[in-house]
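Please read these notes alongside the structure shown here. They are written for a colleague who has not seen it before.

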Amino acid sequence: MESVKTKKIMIVVGARPNFMKAAPIIAAIRDHNDRVAGSPSRTRSNQAQIAFQCVLVHTGQHYDAAMSDQFFADLRIPKPDVHLGVGGGSHAAQTAEIMKRFEEALEREKPDLLIVVGDVNSTLACALVAAKISYDTSGSRPLIAHVEAGLRSFDRGMPEEINRIVTDHLANLLFVTEESGIRNLRQEGVEDHKIHFVGNTMIDSLLAFKDQARRSPILSALGLRAGDGLSESDSGIAPYALLTLHRPSNVDERESFLNILEGLNELASFCPIIFPVHPRTRNKIADFGFEGFFHRQEGAVNSSKRAPNETNGRIWLIDPLGYIDFLCLMEHAAVVVTDSGGIQEETTCLGVPCVTVRENTERPVTIEVGTNVLAGTSASGIRNATRQQLESKRDAAVPKAWDGKSAERILDVICGELLKQEERLLALVSE
Ligand code: UD1
């Protein structure tokens, strides 16, 4: 590949919601390299003057097989090149540990560009290290790209909001998923030339794996398919609700968690609620003695012989699911009740009614054009929002540029920036 420059891109993942955001970028890098390798030098476009070496770093913020390994398999993400093995801890301890271990990896690998995604502690920790590192005496360091920049809940009680704000102000390239992000960044004084509206890489993953998800055996495994003894809709799938809850503000305090469970009582009395439970929430259920609200399925889901109408109005607790199975359950749900950020976006794209158990959202487009409503966290708020969502048929639209091509757009911008950087370096050398 004569005259092709190789640039090193490092991508960081750490926690579950990172994996589906990073996977399409890793795939786009591979496709780009294939195109460069296959194009004769005479006909090479500007973009094809660069090939990439991709270094994938897993911080280990999430470490259970169900929270991490399963997503690598489902999303066909290659094995990480570097695993920092950090694990859990308080915010400070976890962030500090990631920073210490990531600094060593960065010094060793010296990438030209670092990509961080989303708003988890790993995102902030690695961006902060990269913003201060010096590879040499001239102080050179990687460009920092933040994917999913500009989202704001305006609630600094959320650890993710702090992570978003700091990461955005450290980044050189800010890749924005929705137009609110552009407004927020401008209001905070971020220069326009750094902001790139590219759409949503999480939706790239959703569109890439939707067909495969439709073939998932999870509905039958849970007894939700025709012939499972439940009243069925036209699709042959029983009406059911899907629940996820893991925000510290919702599950870490007994009263808050209890309110939410009471808000779900009515729904549980006539509709099976499937609840793949996050480890944090599972621990809290045990701590608070809330087991009585739940029907617990022991062992693997696919060993189930039980239809969910045998749960006697209790929420049906199952282990966390992989990406493909969860996507399948989301697409066919009558309603999704959640406090997750990403699920608000995924349900919008699927046209599935979503009830968000939070007072605010950093993803307003899911409410403006999508299928999401904010329920707040009171029992009555959740009850009313769920009723409203089950009764109303909203005409929802898919937000602008959520079209499966976001990772390609990101790579185009990155190519352009690295080419400019290369030209500046050449100009300096020839001075
Ligand atoms: C993190 C993210 C949150 C994201 C969520 C998705 C931050 C600040 N928060 O929250 O934005 O929505 O991931 O899951 O980064 N645990 C396990 N096994 C695991 C992972 C976690 O047992 O594989 C348990 C540990 O007890 C841990 C607790 O869950 O202490 C919380 O995990 P942590 O990574 O601190 O935060 P999340 O609540 O998962």
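The numbered points below go through the sheet, the core, one threonine and the cysteines.

1. Basis. This is a predicted model, in which local features need pLDDT of at least 70 and side-chain atom pairs count only at pLDDT 80 or more, while totals for chains, interfaces and linings use all residues. Residues are numbered from 1 along each chain as its sequence is written, and side-chain values use heavy atoms, with hydrogens and water left out.

2. Sheet. An open sheet is formed by 7 strands, in the order β3-β2-β1-β4-β5-β6-β7, with parallel pairing. Strands are DSSP runs of E of at least two residues, helices are runs of H or I of at least four, and both are numbered from the N terminus; two strands pair if DSSP finds at least two bridges between them. The edge strands, β3 (82-83) and β7 (195-197), each pair on one side only.

3. Inside the sheet. Strands β5 (residues 143-149) and β6 (residues 173-176) run parallel and are joined by 4 bridges. Val-147 stands opposite Phe-175 in β6.

4. Helix on the sheet. Helix α17 (residues 406-430) lies across β1 (5-13), β2 (50-58), β4 (113-117), β5, β6 and β7. The helix runs at about 115° to β2 (axes are lines fitted to C-alpha atoms, for helices over the stretch in contact, and angles run from 0 to 180 degrees between N-to-C directions).

5. Core. The largest nonpolar core (buried Ala, Val, Leu, Ile, Met, Phe, Trp, Tyr and Cys residues joined through side-chain atoms within 4.5 Å) has 67 residues. Ile-115, Leu-329 and Ile-414 have the most contacts inside it. Not counting residues up to four places away in sequence, Ile-115 touches residues including Ile-9, Val-147 and Ile-414 (contact means heavy atoms within 4.5 Å).

6. Thr-338. Is this residue of strand β12 (residues 335-338) buried or exposed? Thr-338 is buried, with a relative accessible area of 0% (buried means under 20%, exposed over 50%, partly exposed in between, with a 1.4 Å probe and protein chains only). Its side chain makes a polar contact with the side chain of Thr-244 (2.6 Å) and reaches the backbone nitrogen of Ser-340 at 3.0 Å. A polar contact is a pair of N or O atoms within 3.5 Å; within protein, one must be able to donate a hydrogen and the other to accept it, and residues adjacent in sequence count only if both atoms are side-chain atoms.

7. Cysteines. The count is 0 disulfides (a disulfide is a pair of cysteine sulfur atoms within 2.5 Å). For Cys-126, the closest cysteine sulfur, in Cys-54, is 14 Å away, too far for a bond. Cys-349 is in no disulfide, the nearest cysteine sulfur being that of Cys-354, 13 Å away.
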